[in-house]
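Here is a casual walk through a two-chain model, meant for someone meeting it for the first time. Have a look at the picture, then read on.

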Amino acid sequence: MTVAVFFGCTFIAFGPAVALFLFTIARDPLRVIFLIAGAFFWLVSLLLSSLVWFITVQISNKNSAAQQRGLLIFGVVLSVLLQEAFRYGYYRLLKKANEGLLALSQEDTMPISMRQLAYVSGLGFGFMSGAFSVVNILSDSLGPGTVGIHGDSQHYFISSAFMTLAIILLHMFWGVVFFESCERQRWWALGAVVISHLVVSCLTFVNPHYQGSLVPTYIILSVMAAWAYLCAGGSLRNLKLCLTCKDKDFLLANHRPR
Amino acid sequence: IMQWGGGIFVGPGNAKRLMLGVKSGVLSSSVEQKIYVELNETVPCVRLLNATHQIGCQSSISGDTGVLHVLETESDLDWILSSGPHPPYMVIMETLMCFSCRSVMMRMKNSSRVAGVAVIISKTGLADNFSPHTTCPNQNTGVYSASYGSDLANCNVTAWNPLGNGLSYEDFAFPVFALKDENQTRVIRKCYEDHNLRVNGSAPQYPLCAMQLFSHMHAATDTVTCMRRTDLQNRFSINPEVLCDPLSDFNVWTSTRPLNNSAKGHAANESVVIAATRLDGRSFFWEQAPSAEGTVSGIVTLLATIQALHPVTQEAPPPHNIFFSFFQGEAFDYIGSSKMVYDMERNDFVIDLNNVHSMLEIGQVGLRSGRSLWMHSDPVSRQNKSVDIEVSEEERKLSLFSHALSLDQPSVSQPLPPSSFQRFLRVRGIPGLVLADHNTSFNNRYYESLYDDAENLNVTYPPDLSPDEQLVYETDAAKSLAEVATLVARSLYIQAGGDENNLNNITADPKIVSHTTSSGPPQFYIGLGPRIHGPVHSVTRFVQYILANLTGTVTNLTESQCQNPSEINTENKDLFSYFWVSGPASLNSTGEPFCVRASVRLSKAVSPAFELLEYGSPNYSTWTESRWKSIQARIFLVASRELEMLTLGVGVAVLLLSLLVTYFISSKAELLFSSARETPTTTY
């Protein structure tokens, strides 16, 4: 629509991701590296899934709308599965890398824990996924026009931005839960991650009824947030303590020499 | 969520779009397709410059956007100019034929609330007259000035184009486009009716339908400035950018006896009668000039004259040569004729002014009311006795053949109408006449406008003719022009000293007239050279090849011989030009190509001001056309400013909130994520 909408949507879509990056990742170069590597892995998964989709579209019947829709659904499902496969691949790679890192490092302790790696790789996936979702739309939002001349909803830009926000955060939470469940061999949790990813993706087929896609997505987002918090070592008690600012006493209590 | 290759987001509402994009096989930005509807088939008004002024229209470099509003009544104009709450407005006018168009356009010109004008060209609601040209065409470059017939100058005696409102010569700071495609005007109307209609007198609600026009012109101020800047670019810039180009093309000339093209200057023993007409027209918009009455009537009449004269002049050539000339660029201060006269003065043309015996020009001859034709002459040069005698003689000879016509001199003593003959008179008092269908002011109510087309000439066919039949059907207009052509041909023959007994063989064929009036409609704007499809304007080529067809002979040269005839001693490249043409297209096959030899030539029609590098010259045409990068138009919806600011506000709020929350979490991270399951060796 204009520059105002461009900046508004950019801030909505990338605000939390940028905040997370600034405060938790930017200071540690190792985390930055793993973030970028994670983004790269997501990109490769996209490349593969788009190759497959492109080939299938070329050999399909371009005039049949039903076939094209079917192809789209197939493509969505394939892409989700490939992304999760690459997430698993990244996990295995990081496991191997961790052993190597430990051997190389001077200290006894690992410079970066698996939990942090989970968080960083999830955020990397999220960044790249968000970028591919929304950059195209943002560039079109710079022009003077808004969506609607053919009857589409006027809230296209802002809905896309909120969806992207949800996706980026979801990727981060999925990363945490995924890695944790791989570490603990809890395969049902792995399945739950994949299924929730599929559900969120397929919800977009409900569009342009944006309530139908955004509201369930944000519900899934809050559920995954809670789950990831628990996986990352948090608990309700910690949260309560933190929020009621009784943290100083707690920490002091914890650090009492035993 | 998944994304596809190419970054197309199957997000909100995009699934359908993606399928459409795939169906069309073009994976362009489908979001852009949701927002904009590109308008093709638009015709802009472009900027032209002369020595002192700029005229035409200009948009800003990133296009001009405005909310659509249809202008139909005075209250619409008030809405646009003062009371409407959503400025700036893009004004839609159904045709350019608003009742008091000049005042409306002038009021909009001075307003900052008008972003541009889009004119929907249609024939319905055509007003009685419309001429965007000035009331006195070419008044500064004709022959009448303070030193020559000063009481006749500046249309003091007769305003030739009294219906002219001069819009073509105004400078607009906003773009003006003409929309000709029916389908697209329907889209625009639908968008307007869906979103921009006022309900019960209250303002329409956002989102509103808007249009953006791009027609940014590179040249500014006047020709002198533009040429100076171009020179600077050429001299100092690594990648020089030309800002404007002089209007130029070619004149077409031929003669009954071939003239030696390589011998410039005075031609020995030649005394020619010049028969001339103009080849171009113009209108408010770029490259649009149907000019049926203004130009085509003259061209067609002269072509028919040449065809009628050709057999007789071959059998019994008259003592004087007859020189036929079609001048290009006459609408813009006589570009073609001033160049030819200039060349004649400097001995750079096949003949010079001493070779010229007399001149007959064919002006606008298509709208003869009551079969009358008028012979205009210059009263100032007729004050010279010898010239007067010659002119009267010419008039007498013309009158000899006016059986079916009523041929007359104008009833008042008045100057010549705007004509190429005036440029010859500027240099020498040659006896000459201008033939026209009007006594005082033009009969043409649509002079130099988009509406001067075949309908203006009353070219009508019976309803059930196929296009092929239409090509040979003799309309009334064709017959009328053929009558004029017969008159001109016979009198030219006599004027050239030919034998009176041969006159009955000279008749113009109405079929040739039908042929040329039914093909098209070609546009006669002079434009610039070189062009996309060749260095010569298509109309100029068209006339050149028709002349070659009418007056040339078929030879049996091969293609390479045709292109290089100097090697063959029976052919003379100085006297003739050779054309390699494909045969007639018929039902069975296209014919074999062959070589035509004709004495038809092109001569450059560019104003002498550009050769002399006098860009501010008051004596010659200094018209240039600006260059531009992109001309496009598109429509879309715009949202209200409040919604945009709300989006920005929400974005900023989300950003700040997330920064705060993240800071809070990361500072409390030890506490939040500490748990009995945490191994002691991990670090944060």
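In chain A, residues 218-236 are 79% helix and 0% strand, and the C-alpha atoms at the two ends are 21 Å apart. Helices here are DSSP runs of H or I with at least four residues, strands are runs of E with at least two, and both are numbered from the N terminus. That span comes from a UniProt record: the unreviewed entry lists "transmembrane region" for residues 6-25, 32-56, 68-86, 117-138, 158-180, 187-206 and 218-236 of chain A. For chain B, an unreviewed UniProt entry gives residues 645-665 the label "transmembrane region". UniProt positions follow the numbering used here, feature names are shortened, and such annotations may be inferred rather than shown by experiment.

Here are three of the listed spans side by side.

| Span | Helix | Strand | End-to-end C-alpha distance |
|---|---|---|---|
| Chain A, residues 158-180 | 100% | 0% | 33 Å |
| Chain A, residues 218-236 | 79% | 0% | 21 Å |
| Chain B, residues 645-665 | 100% | 0% | 30 Å |

A word on the ground rules. This is a predicted model, in which local features need pLDDT of at least 70 and side-chain atom pairs count only at pLDDT 80 or more, while totals for chains, interfaces and linings use all residues. Residues are numbered from 1 along each chain as its sequence is written, chains are lettered from A and ligands numbered from 1 in the order in which they are written, and side-chain values use heavy atoms, with hydrogens and water left out.

What is chain A built from? Nine helices and zero strands. Its C-alpha atoms fill a box of roughly 75 × 40 × 30 Å along the principal axes. Of its 258 residues, 52% are buried, meaning under 20% relative accessible area with a 1.4 Å probe, protein chains only. Take the contacts (heavy atoms within 4.5 Å) with a separation of 6 or more in chain A: 75% of them join residues 24 or more positions apart.

Now for how some of those helices pack. Two packed helices are described by the angle between their axes and the distance between the axes. Axes are lines fitted to C-alpha atoms, for helices over the stretch in contact, and angles run from 0 to 180 degrees between N-to-C directions. Helix H2 (residues 29-59) of chain A packs on H3(A) at about 150°, with the axes 8 Å apart. H2(A) and H3(A) are therefore roughly antiparallel, the word for angles over 145 degrees. Their contact has 19 nonpolar, nine polar and no charged residues. Nonpolar covers Ala, Val, Leu, Ile, Met, Phe, Trp, Tyr, Cys and Pro, charged covers Asp, Glu, Lys and Arg, and the others, Gly among them, are polar.

Over in chain B, B:Val91 is found in strand E6. Is B:Val91 buried or exposed? B:Val91 counts as buried because its relative accessibility is 0%. B:Val91 and B:Val117 are 26 residues apart in sequence, yet 4.7 Å apart from C-alpha to C-alpha. Leaving out residues up to four places away in sequence, B:Val91 touches several others, including B:His69, B:Ile80 and B:Met108. B:Ile80 is one of the buried residues in helix H3 (residues 74-83) of chain B. The buried residues of H3(B) pack against strands E5 (64-71), E6 (89-93) and E7 (114-120) and helix H4 (101-109) of chain B.

Note on methods: Buried means under 20% relative accessible area, exposed over 50%, partly exposed in between (1.4 Å probe, protein chains only). Angles under 35 degrees count as roughly parallel, over 145 as roughly antiparallel, 65 to 115 as roughly perpendicular and the rest as oblique.
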